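Visitor: Please take a close look at the empty spaces in this structure, and tell me what lines them.

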Amino acid sequence: GYSSLTRSLGVCPHFASVVEAESAMARSLPSLLPPLATLAVSACALLCGLKLLVEQMGGINFLIGFLGLFATSIGIAMFEWGYGWRPAFEGITVNVREPYSKFSGMTYNFDPSNFGTWNVFTQLFFVHFSAILVPIELFIHEAMGHDHDRAEDDCDNLLPEGMMAQEMNHGKCQILYSKAAEEQLGYPAGWRRLWKIILFDVMPLSLRRAFIAYVEAGFIVLTNFCGRCPASIDVVFAEPRWVWKWHLTEESEHCWDSVPDMMAHCGVGWRLFMWSAAWLLMALLMFPMATFEGFIYGRKTILKNPLSLPCSLVMLFLFFGPLLFLMQACIGLHIVLGMRPSDEKYHSVCKNMKDKVFSELTSQFRVTHVQRPKEHLKQSEIHRLSVTAKSIMVEKRLASVAVGTFQAPHGNTTLDKTRTSSVQSLGSYRKLLYNQTMEELMAAGLTEDELEQSPFHLVQERLAGMTEYEPPMCE
(Lines give C-alpha, C1' and ligand atoms only; values in the text may rest on other atoms or scores of the structure.)
Protein backbone atom coordinates (compact mmCIF):
# COMPACT_ATOMS: atom_id res chain seq x y z
CA GLY A 1 0.00 0.00 0.00
CA TYR A 2 1.02 3.59 0.62
CA SER A 3 3.48 2.60 3.38
CA SER A 4 5.53 0.22 1.22
CA LEU A 5 5.44 2.62 -1.69
CA THR A 6 6.66 5.59 0.34
CA ARG A 7 9.37 3.52 2.03
CA SER A 8 10.65 2.30 -1.33
CA LEU A 9 10.81 5.89 -2.54
CA GLY A 10 12.58 7.05 0.60
CA VAL A 11 9.73 9.34 1.65
CA CYS A 12 9.64 10.77 5.18
CA PRO A 13 7.66 8.41 7.50
CA HIS A 14 5.72 11.34 8.97
CA PHE A 15 4.69 12.47 5.50
CA ALA A 16 3.74 8.91 4.64
CA SER A 17 1.49 8.68 7.71
CA VAL A 18 -0.21 11.94 6.74
CA VAL A 19 -0.81 10.67 3.21
CA GLU A 20 -2.24 7.42 4.57
CA ALA A 21 -4.56 9.29 6.94
CA GLU A 22 -5.78 11.58 4.17
CA SER A 23 -6.32 8.62 1.85
CA ALA A 24 -8.22 6.71 4.51
CA MET A 25 -10.44 9.72 5.13
CA ALA A 26 -11.10 10.08 1.41
CA ARG A 27 -12.06 6.41 1.20
CA SER A 28 -14.36 6.75 4.23
CA LEU A 29 -16.33 9.64 2.74
CA PRO A 30 -19.73 8.68 1.28
CA SER A 31 -19.62 8.67 -2.50
CA LEU A 32 -21.28 11.56 -4.29
CA LEU A 33 -21.73 9.50 -7.46
CA PRO A 34 -25.13 7.91 -6.61
CA PRO A 35 -26.82 11.21 -5.62
CA LEU A 36 -25.29 13.09 -8.56
CA ALA A 37 -26.40 10.35 -10.98
CA THR A 38 -29.91 10.39 -9.48
CA LEU A 39 -29.97 14.16 -9.73
CA ALA A 40 -28.95 14.11 -13.38
CA VAL A 41 -31.49 11.44 -14.37
CA SER A 42 -34.28 13.17 -12.44
CA ALA A 43 -33.47 16.57 -13.94
CA CYS A 44 -33.56 15.10 -17.45
CA ALA A 45 -36.87 13.41 -16.68
CA LEU A 46 -38.35 16.67 -15.37
CA LEU A 47 -37.23 18.70 -18.38
CA CYS A 48 -38.43 16.05 -20.83
CA GLY A 49 -41.76 15.84 -19.02
CA LEU A 50 -42.23 19.61 -19.09
CA LYS A 51 -41.26 19.75 -22.77
CA LEU A 52 -43.74 16.99 -23.62
CA LEU A 53 -46.48 18.69 -21.63
CA VAL A 54 -45.91 22.02 -23.37
CA GLU A 55 -45.91 20.34 -26.79
CA GLN A 56 -49.13 18.47 -26.07
CA MET A 57 -50.98 21.43 -24.56
CA GLY A 58 -49.41 24.24 -26.51
CA GLY A 59 -47.33 26.97 -24.95
CA ILE A 60 -50.19 29.42 -24.43
CA ASN A 61 -52.53 26.82 -22.96
CA PHE A 62 -49.79 25.57 -20.66
CA LEU A 63 -49.10 29.09 -19.39
CA ILE A 64 -52.81 29.80 -18.89
CA GLY A 65 -53.26 26.53 -17.00
CA PHE A 66 -50.22 27.16 -14.83
CA LEU A 67 -51.26 30.71 -13.95
CA GLY A 68 -54.82 29.56 -13.33
CA LEU A 69 -53.67 26.89 -10.86
CA PHE A 70 -51.37 29.36 -9.13
CA ALA A 71 -54.09 32.02 -8.88
CA THR A 72 -56.44 29.42 -7.41
CA SER A 73 -53.77 28.42 -4.90
CA ILE A 74 -53.32 32.05 -3.84
CA GLY A 75 -57.06 32.32 -3.31
CA ILE A 76 -57.06 29.17 -1.19
CA ALA A 77 -54.09 30.45 0.80
CA MET A 78 -55.81 33.77 1.51
CA PHE A 79 -59.00 32.00 2.57
CA GLU A 80 -57.53 29.03 4.47
CA TRP A 81 -54.56 30.69 6.16
CA GLY A 82 -55.76 34.31 6.20
CA TYR A 83 -52.58 35.81 4.76
CA GLY A 84 -52.35 39.56 5.06
CA TRP A 85 -50.07 42.43 6.03
CA ARG A 86 -50.29 42.26 9.81
CA PRO A 87 -48.32 43.51 12.82
CA ALA A 88 -45.89 41.15 14.53
CA PHE A 89 -47.56 38.01 15.84
CA GLU A 90 -48.10 37.83 19.61
CA GLY A 91 -46.35 34.46 19.71
CA ILE A 92 -46.98 30.89 20.80
CA THR A 93 -45.41 29.21 23.79
CA VAL A 94 -42.74 26.88 22.48
CA ASN A 95 -42.14 23.55 24.20
CA VAL A 96 -38.82 21.81 23.65
CA ARG A 97 -39.39 18.06 23.84
CA GLU A 98 -37.10 15.08 23.89
CA PRO A 99 -37.75 11.37 24.51
CA TYR A 100 -37.32 9.94 27.97
CA SER A 101 -35.05 7.36 26.35
CA LYS A 102 -33.13 10.05 24.43
CA PHE A 103 -33.22 10.18 20.65
CA SER A 104 -30.57 7.47 20.49
CA GLY A 105 -32.91 5.18 22.43
CA MET A 106 -35.85 5.57 20.04
CA THR A 107 -36.55 3.12 17.21
CA TYR A 108 -35.87 4.11 13.62
CA ASN A 109 -37.09 0.97 11.91
CA PHE A 110 -37.76 1.00 8.18
CA ASP A 111 -39.41 -2.06 6.65
CA PRO A 112 -38.33 -2.04 2.99
CA SER A 113 -40.85 -4.73 2.09
CA ASN A 114 -43.81 -3.04 3.79
CA PHE A 115 -43.89 0.72 3.22
CA GLY A 116 -47.62 0.56 2.59
CA THR A 117 -50.01 0.46 -0.33
CA TRP A 118 -50.10 4.21 -0.95
CA ASN A 119 -46.86 5.73 0.26
CA VAL A 120 -43.87 4.18 -1.53
CA PHE A 121 -42.99 7.35 -3.43
CA THR A 122 -44.12 9.94 -0.89
CA GLN A 123 -42.09 8.16 1.79
CA LEU A 124 -38.91 8.38 -0.32
CA PHE A 125 -39.43 12.12 -0.69
CA PHE A 126 -39.41 12.51 3.09
CA VAL A 127 -36.38 10.22 3.43
CA HIS A 128 -34.59 12.62 1.09
CA PHE A 129 -36.02 15.65 2.89
CA SER A 130 -34.45 14.38 6.11
CA ALA A 131 -31.01 14.56 4.45
CA ILE A 132 -31.76 18.21 3.63
CA LEU A 133 -32.97 19.01 7.14
CA VAL A 134 -29.78 17.88 8.89
CA PRO A 135 -27.60 20.78 7.61
CA ILE A 136 -30.58 23.17 7.75
CA GLU A 137 -31.14 22.61 11.46
CA LEU A 138 -27.44 22.97 12.22
CA PHE A 139 -27.18 26.17 10.20
CA ILE A 140 -30.13 27.61 12.13
CA HIS A 141 -28.18 26.77 15.27
CA GLU A 142 -25.14 28.60 13.92
CA ALA A 143 -27.23 31.53 12.64
CA MET A 144 -28.43 32.32 16.16
CA GLY A 145 -25.12 34.10 16.61
CA HIS A 146 -22.27 33.63 19.04
CA ASP A 147 -22.64 33.49 22.78
CA HIS A 148 -22.08 37.23 23.27
CA ASP A 149 -24.98 37.80 20.85
CA ARG A 150 -27.33 35.26 22.40
CA ALA A 151 -26.73 35.79 26.09
CA GLU A 152 -29.30 37.76 28.08
CA ASP A 153 -28.17 40.80 30.07
CA ASP A 154 -29.62 39.51 33.35
CA CYS A 155 -28.15 35.97 33.12
CA ASP A 156 -31.62 34.51 32.45
CA ASN A 157 -30.57 32.35 29.50
CA LEU A 158 -33.50 29.94 29.44
CA LEU A 159 -34.69 31.37 26.11
CA PRO A 160 -31.45 30.95 24.10
CA GLU A 161 -30.71 27.64 25.82
CA GLY A 162 -34.13 26.34 24.77
CA MET A 163 -33.62 27.53 21.20
CA MET A 164 -30.22 25.85 21.03
CA ALA A 165 -31.54 22.60 22.47
CA GLN A 166 -34.52 22.47 20.11
CA GLU A 167 -32.56 22.95 16.90
CA MET A 168 -29.93 20.47 18.10
CA ASN A 169 -32.71 17.96 18.84
CA HIS A 170 -34.12 18.37 15.34
CA GLY A 171 -30.75 17.86 13.68
CA LYS A 172 -29.90 14.94 15.96
CA CYS A 173 -33.17 13.12 15.28
CA GLN A 174 -33.01 13.67 11.52
CA ILE A 175 -29.44 12.39 11.21
CA LEU A 176 -30.42 9.24 13.11
CA TYR A 177 -33.45 8.86 10.82
CA SER A 178 -31.24 9.29 7.74
CA LYS A 179 -28.60 6.92 9.10
CA ALA A 180 -31.26 4.24 9.64
CA ALA A 181 -32.54 4.72 6.06
CA GLU A 182 -29.00 4.32 4.76
CA GLU A 183 -28.44 1.11 6.69
CA GLN A 184 -31.85 -0.50 6.25
CA LEU A 185 -32.87 0.71 2.78
CA GLY A 186 -29.47 1.20 1.20
CA TYR A 187 -30.24 4.90 0.75
CA PRO A 188 -27.09 6.80 -0.31
CA ALA A 189 -25.24 8.49 2.56
CA GLY A 190 -23.84 10.77 -0.13
CA TRP A 191 -27.04 12.84 -0.04
CA ARG A 192 -26.20 14.11 3.45
CA ARG A 193 -22.70 14.95 2.31
CA LEU A 194 -23.95 16.67 -0.86
CA TRP A 195 -26.51 18.85 0.94
CA LYS A 196 -23.91 19.83 3.54
CA ILE A 197 -21.60 20.95 0.73
CA ILE A 198 -24.42 22.85 -1.00
CA LEU A 199 -25.57 24.68 2.13
CA PHE A 200 -22.27 25.39 3.84
CA ASP A 201 -19.83 25.68 0.93
CA VAL A 202 -21.74 26.55 -2.25
CA MET A 203 -24.63 28.79 -1.25
CA PRO A 204 -23.83 32.42 -0.38
CA LEU A 205 -24.87 33.29 3.16
CA SER A 206 -27.87 35.38 2.09
CA LEU A 207 -29.14 32.64 -0.24
CA ARG A 208 -28.72 30.08 2.53
CA ARG A 209 -30.87 32.20 4.81
CA ALA A 210 -33.45 32.67 2.05
CA PHE A 211 -33.53 28.90 1.52
CA ILE A 212 -34.14 28.27 5.21
CA ALA A 213 -36.81 30.98 5.31
CA TYR A 214 -38.44 29.20 2.36
CA VAL A 215 -38.43 25.81 4.09
CA GLU A 216 -39.65 27.19 7.42
CA ALA A 217 -42.46 29.18 5.76
CA GLY A 218 -43.61 26.07 3.90
CA PHE A 219 -44.06 23.99 7.04
CA ILE A 220 -47.40 25.61 7.81
CA VAL A 221 -48.92 24.03 4.69
CA LEU A 222 -47.81 20.54 5.74
CA THR A 223 -48.70 21.00 9.41
CA ASN A 224 -52.12 22.37 8.50
CA PHE A 225 -52.79 19.33 6.34
CA CYS A 226 -51.58 16.85 8.98
CA GLY A 227 -53.46 18.62 11.78
CA ARG A 228 -56.73 18.73 9.82
CA CYS A 229 -56.46 15.17 8.49
CA PRO A 230 -54.33 13.18 10.97
CA ALA A 231 -55.45 9.87 9.42
CA SER A 232 -53.68 10.86 6.21
CA ILE A 233 -50.31 10.63 7.95
CA ASP A 234 -50.47 6.83 7.71
CA VAL A 235 -51.11 7.16 3.97
CA VAL A 236 -48.35 9.67 3.18
CA PHE A 237 -45.62 8.55 5.62
CA ALA A 238 -44.27 5.08 6.31
CA GLU A 239 -42.60 3.96 9.53
CA PRO A 240 -40.96 5.38 11.54
CA ARG A 241 -43.77 7.96 11.50
CA TRP A 242 -43.14 9.22 15.02
CA VAL A 243 -40.19 11.29 13.75
CA TRP A 244 -42.42 13.43 11.56
CA LYS A 245 -45.27 13.62 14.06
CA TRP A 246 -42.89 15.03 16.68
CA HIS A 247 -40.88 17.25 14.34
CA LEU A 248 -43.89 18.78 12.56
CA THR A 249 -45.58 19.46 15.90
CA GLU A 250 -42.59 21.47 17.07
CA GLU A 251 -42.44 23.28 13.72
CA SER A 252 -46.07 24.30 14.18
CA GLU A 253 -45.09 25.97 17.46
CA HIS A 254 -42.11 28.00 16.31
CA CYS A 255 -42.31 28.71 12.55
CA TRP A 256 -44.14 31.98 13.26
CA ASP A 257 -40.84 33.09 14.78
CA SER A 258 -38.16 31.43 12.64
CA VAL A 259 -39.46 32.78 9.32
CA PRO A 260 -39.28 36.53 10.13
CA ASP A 261 -35.94 35.89 11.86
CA MET A 262 -34.39 34.61 8.62
CA MET A 263 -36.22 37.21 6.52
CA ALA A 264 -34.64 39.97 8.60
CA HIS A 265 -31.18 38.78 7.58
CA CYS A 266 -31.58 38.40 3.81
CA GLY A 267 -32.88 40.88 1.28
CA VAL A 268 -36.12 40.49 -0.64
CA GLY A 269 -34.10 39.96 -3.83
CA TRP A 270 -32.56 36.78 -2.43
CA ARG A 271 -35.94 35.61 -1.20
CA LEU A 272 -37.54 36.23 -4.58
CA PHE A 273 -34.72 34.35 -6.30
CA MET A 274 -35.08 31.40 -3.90
CA TRP A 275 -38.85 31.29 -4.31
CA SER A 276 -38.56 31.38 -8.12
CA ALA A 277 -35.88 28.68 -8.24
CA ALA A 278 -37.95 26.51 -5.88
CA TRP A 279 -40.54 25.92 -8.60
CA LEU A 280 -38.03 23.70 -10.36
CA LEU A 281 -36.24 22.46 -7.22
CA MET A 282 -39.39 21.29 -5.44
CA ALA A 283 -40.89 19.85 -8.62
CA LEU A 284 -37.64 17.92 -9.10
CA LEU A 285 -37.66 16.53 -5.55
CA MET A 286 -41.38 15.78 -5.40
CA PHE A 287 -41.94 14.06 -8.73
CA PRO A 288 -39.10 12.53 -10.80
CA MET A 289 -36.66 12.07 -7.92
CA ALA A 290 -39.24 10.63 -5.52
CA THR A 291 -40.41 8.29 -8.30
CA PHE A 292 -36.91 7.23 -9.31
CA GLU A 293 -35.82 6.57 -5.72
CA GLY A 294 -39.13 4.91 -4.93
CA PHE A 295 -38.50 2.27 -7.60
CA ILE A 296 -34.97 1.66 -6.29
CA TYR A 297 -35.38 1.73 -2.50
CA GLY A 298 -39.05 0.77 -2.35
CA ARG A 299 -38.74 -2.08 -4.83
CA LYS A 300 -39.24 -4.78 -2.16
CA THR A 301 -42.60 -3.29 -1.22
CA ILE A 302 -43.62 -3.08 -4.89
CA LEU A 303 -42.58 -6.70 -5.53
CA LYS A 304 -44.37 -7.94 -2.41
CA ASN A 305 -47.50 -5.89 -3.06
CA PRO A 306 -47.84 -5.05 -6.81
CA LEU A 307 -50.94 -2.95 -6.06
CA SER A 308 -48.67 -0.48 -4.25
CA LEU A 309 -47.18 0.66 -7.57
CA PRO A 310 -50.30 2.21 -9.15
CA CYS A 311 -51.71 3.33 -5.78
CA SER A 312 -48.46 5.02 -4.73
CA LEU A 313 -48.15 6.77 -8.12
CA VAL A 314 -51.70 8.09 -7.78
CA MET A 315 -50.98 9.31 -4.22
CA LEU A 316 -47.74 10.94 -5.36
CA PHE A 317 -49.57 13.23 -7.78
CA LEU A 318 -52.70 13.68 -5.65
CA PHE A 319 -50.63 14.78 -2.66
CA PHE A 320 -47.65 16.61 -4.12
CA GLY A 321 -49.50 18.30 -6.99
CA PRO A 322 -51.69 20.51 -4.78
CA LEU A 323 -48.95 20.72 -2.12
CA LEU A 324 -46.46 22.25 -4.57
CA PHE A 325 -48.83 25.01 -5.68
CA LEU A 326 -50.14 25.73 -2.18
CA MET A 327 -46.62 25.88 -0.77
CA GLN A 328 -45.48 28.24 -3.50
CA ALA A 329 -48.52 30.43 -2.91
CA CYS A 330 -48.13 30.56 0.89
CA ILE A 331 -44.36 30.96 0.82
CA GLY A 332 -44.51 33.65 -1.85
CA LEU A 333 -47.07 35.64 0.10
CA HIS A 334 -44.95 35.30 3.24
CA ILE A 335 -41.29 35.72 2.33
CA VAL A 336 -41.65 37.77 -0.87
CA LEU A 337 -44.65 40.01 -0.22
CA GLY A 338 -44.24 40.18 3.55
CA MET A 339 -47.69 38.87 4.48
CA ARG A 340 -48.26 36.31 7.20
CA PRO A 341 -51.02 33.93 8.31
CA SER A 342 -53.66 35.14 10.74
CA ASP A 343 -53.19 34.77 14.50
CA GLU A 344 -56.14 32.38 14.61
CA LYS A 345 -54.54 30.13 12.00
CA TYR A 346 -51.23 29.95 13.80
CA HIS A 347 -53.01 28.93 16.99
CA SER A 348 -55.40 26.44 15.35
CA VAL A 349 -52.65 24.66 13.40
CA CYS A 350 -50.56 24.33 16.55
CA LYS A 351 -53.53 23.09 18.60
CA ASN A 352 -54.50 20.51 15.98
CA MET A 353 -50.97 19.16 15.77
CA LYS A 354 -50.65 18.83 19.53
CA ASP A 355 -54.14 17.43 20.14
CA LYS A 356 -54.59 15.18 17.11
CA VAL A 357 -51.07 14.20 16.03
CA PHE A 358 -48.60 14.42 18.91
CA SER A 359 -51.03 13.29 21.64
CA GLU A 360 -50.28 9.61 21.01
CA LEU A 361 -46.57 10.27 21.63
CA THR A 362 -46.94 12.43 24.74
CA SER A 363 -46.11 9.61 27.15
CA GLN A 364 -42.76 9.02 25.43
CA PHE A 365 -41.54 12.63 25.63
CA ARG A 366 -40.70 15.11 28.32
CA VAL A 367 -40.58 18.90 28.05
CA THR A 368 -37.10 20.22 28.82
CA HIS A 369 -37.65 23.93 28.10
CA VAL A 370 -40.73 26.14 27.96
CA GLN A 371 -40.27 29.41 26.08
CA ARG A 372 -42.76 32.22 26.57
CA PRO A 373 -41.10 34.73 24.28
CA LYS A 374 -43.39 37.74 24.71
CA GLU A 375 -43.20 37.66 28.51
CA HIS A 376 -39.46 37.09 28.36
CA LEU A 377 -38.92 39.98 25.96
CA LYS A 378 -41.04 42.32 28.06
CA GLN A 379 -39.11 41.51 31.23
CA SER A 380 -35.77 41.85 29.45
CA GLU A 381 -36.64 45.25 27.98
CA ILE A 382 -37.86 46.61 31.34
CA HIS A 383 -34.70 45.36 33.01
CA ARG A 384 -32.47 46.79 30.31
CA LEU A 385 -34.08 50.23 30.39
CA SER A 386 -34.01 50.45 34.17
CA VAL A 387 -30.34 49.48 34.41
CA THR A 388 -29.01 51.62 31.59
CA ALA A 389 -31.30 54.64 32.10
CA LYS A 390 -32.28 54.34 28.44
CA SER A 391 -28.71 54.95 27.34
CA ILE A 392 -28.85 52.17 24.74
CA MET A 393 -31.44 50.23 22.76
CA VAL A 394 -30.49 46.70 21.72
CA GLU A 395 -32.58 45.36 18.86
CA LYS A 396 -34.18 42.10 19.78
CA ARG A 397 -36.92 40.52 17.77
CA LEU A 398 -39.71 38.60 19.52
CA ALA A 399 -38.52 35.23 20.82
CA SER A 400 -35.10 35.58 19.23
CA VAL A 401 -31.65 36.79 20.01
CA ALA A 402 -30.39 39.43 17.62
CA VAL A 403 -27.40 38.66 15.45
CA GLY A 404 -25.00 41.58 15.73
CA THR A 405 -22.39 43.04 18.04
CA PHE A 406 -23.62 43.92 21.51
CA GLN A 407 -22.33 47.25 22.80
CA ALA A 408 -22.52 47.59 26.56
CA PRO A 409 -23.46 51.00 27.98
CA HIS A 410 -20.42 53.12 28.68
CA GLY A 411 -19.42 53.46 32.28
CA ASN A 412 -21.68 50.72 33.67
CA THR A 413 -19.27 48.28 35.28
CA THR A 414 -22.04 46.29 37.02
CA LEU A 415 -23.74 45.47 33.73
CA ASP A 416 -20.38 44.55 32.17
CA LYS A 417 -19.71 42.00 34.92
CA THR A 418 -23.24 40.61 34.77
CA ARG A 419 -23.13 40.23 31.02
CA THR A 420 -19.68 38.62 31.09
CA SER A 421 -21.04 36.06 33.56
CA SER A 422 -24.09 35.49 31.36
CA VAL A 423 -21.95 34.90 28.26
CA GLN A 424 -19.70 32.49 30.12
CA SER A 425 -22.70 30.61 31.48
CA LEU A 426 -24.28 30.29 28.04
CA GLY A 427 -20.96 29.22 26.54
CA SER A 428 -20.65 26.46 29.12
CA TYR A 429 -24.16 25.27 28.32
CA ARG A 430 -23.41 25.23 24.58
CA LYS A 431 -20.22 23.22 25.03
CA LEU A 432 -22.05 20.75 27.26
CA LEU A 433 -24.86 20.47 24.68
CA TYR A 434 -22.39 19.83 21.86
CA ASN A 435 -20.43 17.24 23.84
CA GLN A 436 -23.58 15.40 24.93
CA THR A 437 -24.87 15.42 21.36
CA MET A 438 -21.65 13.94 19.99
CA GLU A 439 -21.62 11.27 22.69
CA GLU A 440 -25.24 10.37 22.05
CA LEU A 441 -24.74 10.11 18.29
CA MET A 442 -21.69 7.92 18.74
CA ALA A 443 -23.62 5.73 21.17
CA ALA A 444 -26.31 5.41 18.48
CA GLY A 445 -23.79 4.03 15.99
CA LEU A 446 -22.31 7.00 14.14
CA THR A 447 -18.55 6.76 13.75
CA GLU A 448 -16.01 9.48 14.49
CA ASP A 449 -15.36 9.86 10.76
CA GLU A 450 -19.07 10.36 10.08
CA LEU A 451 -19.36 12.98 12.79
CA GLU A 452 -16.25 14.80 11.61
CA GLN A 453 -17.80 15.09 8.15
CA SER A 454 -21.20 16.12 9.52
CA PRO A 455 -22.57 19.63 10.11
CA PHE A 456 -22.42 18.92 13.86
CA HIS A 457 -18.64 18.92 13.88
CA LEU A 458 -18.49 21.87 11.49
CA VAL A 459 -20.71 24.08 13.64
CA GLN A 460 -18.86 23.00 16.77
CA GLU A 461 -15.54 24.02 15.20
CA ARG A 462 -16.83 27.36 13.95
CA LEU A 463 -18.23 28.41 17.30
CA ALA A 464 -15.65 26.75 19.55
CA GLY A 465 -13.52 29.84 20.00
CA MET A 466 -16.29 32.40 19.96
CA THR A 467 -17.26 32.47 23.64
CA GLU A 468 -15.09 35.27 24.97
CA TYR A 469 -16.67 38.62 25.79
CA GLU A 470 -14.64 41.77 26.34
CA PRO A 471 -16.55 44.82 27.65
CA PRO A 472 -15.80 48.02 25.72
CA MET A 473 -13.50 50.58 27.28
CA CYS A 474 -15.24 53.32 29.26
CA GLU A 475 -14.86 56.82 27.89
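Guide: What follows goes through two pockets, one cavity and a patch on the surface.

This is a predicted model, in which local features need pLDDT of at least 70 and side-chain atom pairs count only at pLDDT 80 or more, while totals for chains, interfaces and linings use all residues. Residues are numbered from 1 along each chain as its sequence is written, and side-chain values use heavy atoms, with hydrogens and water left out.

Rolling a probe the size of a water molecule over the atoms shows where empty space is left. On a 1 Å grid over the protein atoms alone, a cavity is a set of points where a 1.4 Å probe fits but cannot get out; a pocket is an open set with protein on both sides within 12 Å along at least five of seven lines, and lining residues have an atom within 4 Å of a point. Grid points are joined across faces, edges and corners, and a volume is the space filled by probe spheres set on the points.

The largest pocket holds about 800 Å³ of space. It is lined by 25 residues, and those closest to its centre are Leu 50, Leu 53, Phe 287, Leu 324 and Phe 325. Two or more lining residues come from each of helix H3 (33-57), helix H4 (59-81), H12 and helix H14 (308-336), and H4 has the largest share, seven residues. Helices here are DSSP runs (H or I, at least four residues), as are strands (E, at least two), numbered from the N terminus. The lining has 19 nonpolar residues, six polar and no charged. In this count Ala, Val, Leu, Ile, Met, Phe, Trp, Tyr, Cys and Pro are nonpolar, Asp, Glu, Lys and Arg are charged, and the others, Gly among them, are polar.

The second largest pocket has about 320 Å³ of space. Among its 17 lining residues, Glu 98, Lys 172, Leu 433, Gln 436 and Glu 440 are the closest to the centre. Its lining has five nonpolar, six polar and six charged residues, and H17 gives the largest share, seven residues.

The second largest cavity has a volume of about 220 Å³. H9 gives the most to its lining, six residues, and H12 and H14 each supply at least two. The lining divides into 15 nonpolar, two polar and no charged residues.

H12 also carries Phe 292, which counts as partly exposed because its relative accessibility is 30% (buried is under 20%, exposed over 50%, partly exposed in between, with a 1.4 Å probe and protein chains only).
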